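Colleague: I've got this model open and keep getting lost among the helices. Could you pick one part, take me through it slowly, and then work outwards from there?

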Amino acid sequence: VDLMHGSILKSLLLFMLPILVSNLFQQLYNTVDTMIVGNVLGDTALAAIGSCGSIYELLVGFGIGIGNGLAIVAARSYGAQDEDLLKRTVTGSIVIGLIASLVITAAGFLGLRPLLQLLDTPAEILEEAYSYIIVIDLGVIVMFLYNLCAGLLRAIGNSVMPLVFLLISSALNVGLDLWFIAGVGMGVRGAAVATVIAQGISVVLCVLYVLARVRILIPEKKHLAVGSHLYWELFSQSISMGLMSSIVSAGSVVLQYGINGLGTLTIAGHTAARKLFAFTDMPLISMANAGSTFVSQNRGANQPDRVRRGMRQMYLYSVVVTIAAVFLMKFGAEWMVRFISGSSEPIVLENGARYLLWNAPFYAVLGVLLCTRYALQSLGQKVLPLFSSVIELVGKVIFVLVFIPKFQYNAVILCEPIIWCFMALYLVLVYLHDPFVFPKKKK
């Protein structure tokens, strides 16, 4: 898809659609785990996965953030039509990404059990939770490599092939889940093993495709000399997005502490609701991802007016998604929680449904937040977008210390929507003062 010429909305939607389907199937990895665990192993096993869900986001999110940051630099190189720079960017991205993945894995290997204990994980599910999350930790490098391959393909305007590879591996993931959990009897660990193997297949398929069809992304010997300036640009951009993601996830870890203290059934209901939320917010995340490539390429092509018009259309799109989400939750929230969790416990169903119903009207705010944050990163802003993640972390700490003890699960539900409002306001103000998109008029 050509994002630098022609109709903006049409180009964004065409580019976003494969990303949306890809994200949905990637989320299917986790949701199938949840459904099979909940239906086969019961509420306690479901709570075990849920109790370490925020740690999962922390581990995987940092790697994904780094991959997205590296892809932004590649997209700017492509927009500037500098093939030599693009290939050196690929080399530097692989080096930085592998080092970052190994560091994340080592840190997780040493600190996961103490972290689960620190988060007040109920004793009856502690071992199951650890058996799940340690496998995910060991597979971080696989998840990063897929995200980098997919990100580089999207950076040059190809959002279709990452989807194709993911569809194949998703089918494999479902089969492996059923085999490992229901057949072999591996318990919750089987869900994690299935996820890592399935993503590994995606990596292999992506690499083979690039070698056969996308020579523009294959560095030659001369491109191994990346240069200190480009290494710094890749490092700073990737660490900026990685830190942004990890600070958000750290806030989720803090919030998980507050949730874990509310009991196993509350954890189970929240886990099911979060899985559904992760599905229904995919149209917003996918547009933000598409917008990131759109802004990066048009930044490289020096087209600020096109960026301005694109952002307005992304904001309008977020409002449309919100209207659809409100109707969906009004008529299907409790049924969806029952379907995902396999539970008949009133606490599980009522809490999960209420979470979805109260969150839906705030999707427009979340859409503005995501599109603006990704756009600022794509414009080369590395520090200011980070403060939005700090706002989220501080807000969640306040809720855990002040509001959750008093208002229980209702405070958990409203925590993120309220914080989104503050974050979106801050990010829009930063965007409106960006010197590339809104240059100061000369007197």
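Modeller: Here is a walk around one helix and its partners, followed by a few other spots.

Keep in mind as we go that this is a predicted model. Let's start with H15, the helix that covers residues 384-407. Which way does H15 run relative to H16? The axis of H15 comes within 9 Å of the axis of H16 (residues 409-432), and the two cross at roughly 155 degrees. Anything over 145 degrees counts as roughly antiparallel, so H15 and H16 are roughly antiparallel to each other. The crossing of H15 past H16 is right-handed. As for what sits in that contact, sorting by class gives 20 nonpolar, 3 polar and 3 charged residues.

Now look at the link between those two helices. Gln 408 is found in the loop between H15 and H16. Its phi is positive, about 55 degrees, although Gln 408 is not a glycine. That's worth a second glance, since most residues other than glycine have a negative phi. Is Gln 408 buried or exposed? Partly exposed, because its relative accessible area is 40% and the partly exposed class runs between 20% and 50%.

H15 also packs against H9, which spans residues 228-260. Here the angle is about 5 degrees, with the axes 9 Å apart. Angles under 35 degrees count as roughly parallel, so that is how H9 and H15 are described. On the H9 side, the contact includes Leu 243, Met 244, Ile 247, Val 248, Gly 251, Val 254, Leu 255 and Gly 258. On the H15 side, among the residues taking part are Leu 386, Ser 389, Val 390, Leu 393, Lys 396, Val 397, Val 400 and Ile 404. Sorted by class, the contact of H9 with H15 has 15 nonpolar, 5 polar and 2 charged residues. If you're wondering about the spacing of those numbers, an α-helix has 3.6 residues a turn, so residues three or four places apart point the same way.

Next, try H11 and the loop after it. H11 has 19 residues (282-300), and at 1.5 Å a residue they should span 27 Å; the C-alpha atoms at its ends are 27 Å apart, so the two values agree. How many residues of H11 are buried? The count is 16 of 19, which leaves H11 mostly covered. Just after H11 comes Asn 302, in the loop between H11 and H12. The phi of Asn 302 is positive, near 60 degrees, in a residue other than glycine. Asn 302 is exposed, because its relative accessible area is 56% and the cut-off for exposed is over 50%.

Carry on past that loop and you reach H12, residues 304-341, where Thr 322 lies. Thr 322 counts as buried because its relative accessibility is 9%, under the 20% cut-off. What does Thr 322 touch? Leaving aside residues up to four places away in sequence, Thr 322 touches Ala 360, Pro 361, Tyr 363 and Ala 364.

There is another helix pair to set beside the ones with H15. H4 (residues 83-118) and H5 pack at an angle of about 165 degrees, with their axes 9 Å apart, so H4 and H5 are roughly antiparallel to each other. H4 passes H5 in a right-handed crossing. From H4, the contact includes Ile 104, Gly 108, Phe 109, Leu 112 and Arg 113; from H5, it includes Leu 126, Ala 129, Tyr 130, Ile 133, Ile 134 and Asp 137. By class, the contact of H4 with H5 has 10 nonpolar, 3 polar and 3 charged residues.

H5 itself has 13 residues (126-138), which should span 18 Å at 1.5 Å a residue; its end C-alpha atoms are 18 Å apart, so that agrees. Of those 13 residues, 10 are buried, so H5 is largely enclosed by the rest of the structure. The buried residues of H5 include Tyr 132, Val 135, Ile 136 and Asp 137.

One last stop: Leu 28, in H1 (residues 8-41). Its relative accessibility is 24%, so Leu 28 counts as partly exposed. Leu 28 touches Asn 173 and Phe 279, not counting residues up to four places away in sequence. In sequence, Leu 28 and Asn 173 are 145 residues apart, yet their C-alpha atoms are 8.9 Å apart in space.

Technical notes. Residues are numbered from 1 along each chain as its sequence is written. This is a predicted model: local features need pLDDT of at least 70, side-chain atom pairs count only at pLDDT 80 or more; totals for chains, interfaces and linings use all residues. Side-chain values use heavy atoms; hydrogens and water are left out. Axes are lines fitted to C-alpha atoms, for helices over the stretch in contact, and angles run from 0 to 180 degrees between N-to-C directions. Helices (H or I, at least four residues) and strands (E, at least two) are DSSP runs, numbered from the N terminus. Angles under 35 degrees count as roughly parallel, over 145 as roughly antiparallel, 65 to 115 as roughly perpendicular and the rest as oblique. A crossing is left-handed if the near helix is turned anticlockwise from the far one by less than a right angle, and right-handed if clockwise. Ala, Val, Leu, Ile, Met, Phe, Trp, Tyr, Cys and Pro count as nonpolar, Asp, Glu, Lys and Arg as charged, and the others, Gly among them, as polar. The expected span of a helix is 1.5 Å times one less than its number of residues. Buried means under 20% relative accessible area, exposed over 50%, partly exposed in between (1.4 Å probe, protein chains only). Contact means heavy atoms within 4.5 Å.
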